[in-house]
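Got your viewer open? Here's a walk through the model, one selection at a time.

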Amino acid sequence: MKTSLIALILFFQTSSWGFTLNNTAGAAFTEDEVKLYFADNCVNSGIDTSEWLYLISQTALRFWNTAPTSRLTLSEAGTRSVSTAFYTDSLCTNSSSDCDINPDLVVSDNILISCNEEATINFPDDRILAKALPNNTNGKTINGAIVLINDTATNRFQSMSIDEKISVVAHEIGHALGLGHSRFREALMYAESLESRTKLGWDDIEGLSFLYPKEQPFGGFCSTIRPDYIDTDVHHNHDHSAHDHSDENKAPYVLMIMLGAVVFFTYRKLLPRL
Ligand SMILES: [Zn+2]
């Protein structure tokens, strides 16, 4: 009876969260404050510089700064002058975890949000709204990250509402912070953009608190859970309308089936026999 009770508890615990990480090492920024810079280079985004700065500030205020168990604070840090390569180049020559970002373009200790019109590698499809490049990491440390917005002439981002745009950019910032996709539809980090989100899902909060735990006054950390699997797809091409989930979420289901079998065989002894 004890065994089955423990199995039941484990069953519900393992199926209760679904965030993933963007990097097998669980890399994160080491600073408590990460700055969000805007490369003021958009042509086809449908909004001007001041609206962009408002949008970026809202990704922090509505989403990533709202987790009470996380030490992280994001701050909108204004525009930043960058090379035109940020707008025209793929910036990334392969899709492996050590993606070869041009060293001249590396952004240190912050996240840069830039528009980009490169249509061969980055945005071959209008449905791809935005993407987070593989983060510039060293072991468990993220040194910098770049989010690209589809700025091709026919991109779909430009026709979205400001709230939808905030959701899309906030999702990409989640990747820049080290999070992968969540399997829960209410999460900001769910792979598909279903509708504009207004706040973090509890699963986003768990993921953020895992990577950026707030230290407690008496020692220890708020978040003690571990992700049930690692999302190693670090090169997120965001086709929000048709994301392939085929390789996601396998590990928790295998564990759930195994635990379910334990419960079944334990309880079977208690069943009346004919
Ligand atoms: Zn994504």
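**Starting at a charged pair**

Pick Arg71 to begin: with a relative accessible area of 23%, this side chain counts as partly exposed. Keep in mind as you click around that this is a predicted model. Now add Asp32, which is partly exposed as well, at 45% relative accessibility. Arg71 and Asp32 form a salt bridge, and the closest N and O atoms sit 2.9 Å apart. Trace the backbone from each end: Arg71 belongs to the loop between α2 and β2 (73-79), while Asp32 is in the loop between α1 (2-14) and β1, so to speak a link between distant parts of the chain, 39 residues apart.

**The other salt bridges**

How many salt bridges are there by this rule? The count comes to 3. For another one, select Arg62 and Asp163, where the closest N and O atoms are 2.8 Å apart. Arg62 lies in helix α2 and Asp163 in helix α4, so this pair ties together parts that are 101 residues apart in sequence. Asp163 comes out as partly exposed, at 32% relative accessibility.

Next, try Arg127 and Asp125, a salt bridge with its closest N and O atoms 2.8 Å apart. Arg127 is partly exposed at 30%, and Asp125 is partly exposed at 23%.

**Along α4**

Select 162-176 to get α4. Its 15 residues should span 21 Å at 1.5 Å a residue, and the end C-alpha atoms are indeed 21 Å apart. Is α4 largely enclosed or largely open? Of its 15 residues, 12 are buried, so α4 is largely enclosed by the rest of the structure. Among the buried ones you'll find Lys165, Glu172, His171 and His175, alongside Ile166, Val168, Val169 and Ile173. Just past the helix, click Gly178: it follows α4 and has a positive phi, near 115 degrees.

**Over to α2**

Now take 49-64, which is α2. This helix has 16 residues and reaches 22 Å from first C-alpha to last, close to the 22 Å expected at 1.5 Å a residue. Its buried residues include Trp52, Leu55, Ile56, Phe63 and Trp64, plus polar company such as Ser57, Gln58 and Thr59. Show what surrounds them and you'll see that the buried residues of α2 pack against β1, β2, β3, β6, α4 and α5.

**Into the core**

In soluble globular proteins, nonpolar side chains tend to be buried together. Here the largest nonpolar core has 44 residues, and Trp52, Trp64, Ile111, Ile113 and Leu177 touch the most other members. Elements that each supply at least two residues of this core include β1 (33-39), β3 (110-116), β4 (128-132), β6 (141-150) and α5 (202-211), along with α2 and α4.

Zoom in on Ile113. Leaving aside residues up to four places away in sequence, Ile113 touches Tyr37, Phe38, Ala39, Trp52, Ile56, Val147, Ile149, Val169 and Ile173. Apart from the largest core lies another, of 12 residues; Ala39, Leu91, Cys92 and Leu133 are among them.

**Last stop: Glu215**

Finish with Glu215, in the loop between α5 and β7 (236-239). Buried or exposed? Glu215 is exposed, with a relative accessible area of 58%. Add Ser70 and check the C-alpha separation: 8.5 Å, for two residues 145 apart along the chain.

Terms used
Residues are numbered from 1 along each chain as its sequence is written. This is a predicted model: local features need pLDDT of at least 70, side-chain atom pairs count only at pLDDT 80 or more; totals for chains, interfaces and linings use all residues. Side-chain values use heavy atoms; hydrogens and water are left out. A nonpolar core is a set of buried Ala, Val, Leu, Ile, Met, Phe, Trp, Tyr and Cys residues joined through side-chain atoms within 4.5 Å. Buried means under 20% relative accessible area, exposed over 50%, partly exposed in between (1.4 Å probe, protein chains only). Helices (H or I, at least four residues) and strands (E, at least two) are DSSP runs, numbered from the N terminus. Contact means heavy atoms within 4.5 Å. A salt bridge is a side-chain nitrogen of Lys or Arg within 4 Å of a carboxyl oxygen of Asp or Glu. The expected span of a helix is 1.5 Å times one less than its number of residues.
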